[in-house]
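I opened this notebook to record what I looked up about packing and empty space. The entries follow the order in which I checked things.

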Amino acid sequence: MISGDYGRDALDFIEGLSGLSTLTEAFQAIESGFGAFGFETIIITALPNHHQRFSQMVMAKRWPDEWFRLYTQRNYDRFDPVVRHLRQTINPFEWSEAPYHREDDRRAAEVMDRAADFRMVRGFIVPIHGLAGYEAAISFGGSNIELNSRTKPLLHLMAMYAFDRIRTLAAPAPPGPRLTHREREALIWTARGKSAWEIGEILSIAQRTAEEHISTAGRKLGAANKTHAVAIAIRQNLIVP
């Protein structure tokens, strides 16, 4: 539950989230953090262009399965007034602030009415805009939510960090540097305390060649010296001394 000290609540949420290393753990923390405000549904998603499907853009969600099926099968994102308004603003807003006319925009009304069937009556959405124009959002919904002038800035801050953490954890790990077989061998023997001359004797290569293997491996790893190179290689599981 929230304590009423909104600044403290936000910092505790951010600190706890930053220490989590898996998507499952992070999203559970997000569900708990925003659930304290009465939110029952959460979706974290990039915004599709005309050639992309909404279902392919979702990074994490807690939506009723039937609602998600309807939303994606009927392409509701193309008619959703909340999504439409989302593309036109950089500021967070309540779902009810997304303009549409029920009589003139029957598809938009259909989206909102069907959402209400799944207890998604009120909601709050935070747009995400990157430096390269990246568009995404994190949206929360429920029927009995704590949404006012004091909680909105807190939710905005928490949502930004939540999105960043999920995006970071969902991104594929960058590939490690490619070391040749000889470079790995040279680092393994270096880790075992052998000199370049000794490594040359063990591998039946010249001392200079052994030194070049160690130096090249160090450059690939961004190491300051051969000891640093060994430490990085072990940490990245490139060698087992």
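Before sorting any lining by class, I noted that Ala, Val, Leu, Ile, Met, Phe, Trp, Tyr, Cys and Pro count as nonpolar, that Asp, Glu, Lys and Arg count as charged, and that the others, Gly among them, count as polar. I also kept in mind that this is a predicted model.

**Entry 1, cavities.** I looked for enclosed space and found two cavities of 30 Å³ or more. The second largest cavity has a volume of about 60 Å³, and I listed its lining as Q52, R53, F54, S55, T72, N75, D77 and R78. By class, that lining has one nonpolar, four polar and three charged residues.

I then turned to the largest cavity, which holds about 230 Å³ of space. I found 19 residues lining the largest cavity, with W63, Y71, D80, V82 and S139 nearest its centre. The elements that give two or more residues to this lining are β1, α4 (65-73), α5 (81-86), α6 (106-117) and β5. Sorted by class, the lining of the largest cavity has 16 nonpolar, two polar and one charged residues.

**Entry 2, the open pocket.** For the largest pocket I read off about 240 Å³ of space, lined by P48, N49, H50, Q52, D77, R78, V83, R84 and R87. Its lining comprises two nonpolar, three polar and four charged residues. I noted that Q52, D77 and R78 appear in the lining of this pocket and also in that of the second largest cavity.

**Entry 3, nonpolar cores.** The largest nonpolar core has 31 residues, and those with the most contacts inside it are F13, I30, F34, F39, I42, I44 and I138. I traced at least two residues of this core to each of α1 (6-18), α2 (23-35), β1 (41-46), β4 (122-129), β5 (135-142) and α7 (151-170), and α7 gives the most, with seven residues. Setting aside neighbours within four places in sequence, I found I30 in contact with F13, L17, G35, I42, I44, A162 and I166. A second, separate core of 23 residues includes L47, Y76, M112 and I125.

**Entry 4, aromatic pairs.** I found 13 aromatic pairs in the structure. The rings of F13 and F34 have centres 5.5 Å apart and planes at 75°, so I recorded the pair as edge-to-face. This pair links distant parts of the chain, with F13 in helix α1 and F34 in helix α2, 21 residues apart. Both F13 and F34 are buried. Y71 and Y76 also pair edge-to-face, at 5.9 Å centre to centre and 80° between the planes, and both are buried. I placed Y71 and Y76 in one aromatic cluster with F54, W63, W67, F68 and F118.

Conventions:
Residues are numbered from 1 along each chain as its sequence is written. This is a predicted model: local features need pLDDT of at least 70, side-chain atom pairs count only at pLDDT 80 or more; totals for chains, interfaces and linings use all residues. Side-chain values use heavy atoms; hydrogens and water are left out. On a 1 Å grid over the protein atoms alone, a cavity is a set of points where a 1.4 Å probe fits but cannot get out, and a pocket is an open set with protein on both sides within 12 Å along at least five of seven lines; lining residues have an atom within 4 Å of a point. Grid points are joined across faces, edges and corners, and a volume is the space filled by probe spheres set on the points. A nonpolar core is a set of buried Ala, Val, Leu, Ile, Met, Phe, Trp, Tyr and Cys residues joined through side-chain atoms within 4.5 Å. Buried means under 20% relative accessible area, exposed over 50%, partly exposed in between (1.4 Å probe, protein chains only). Helices (H or I, at least four residues) and strands (E, at least two) are DSSP runs, numbered from the N terminus. Contact means heavy atoms within 4.5 Å. Rings of Phe, Tyr and Trp (its six-membered ring) pair if their centres lie within 6.5 Å; planes under 30 degrees apart count as stacked, over 60 as edge-to-face and the rest as tilted.
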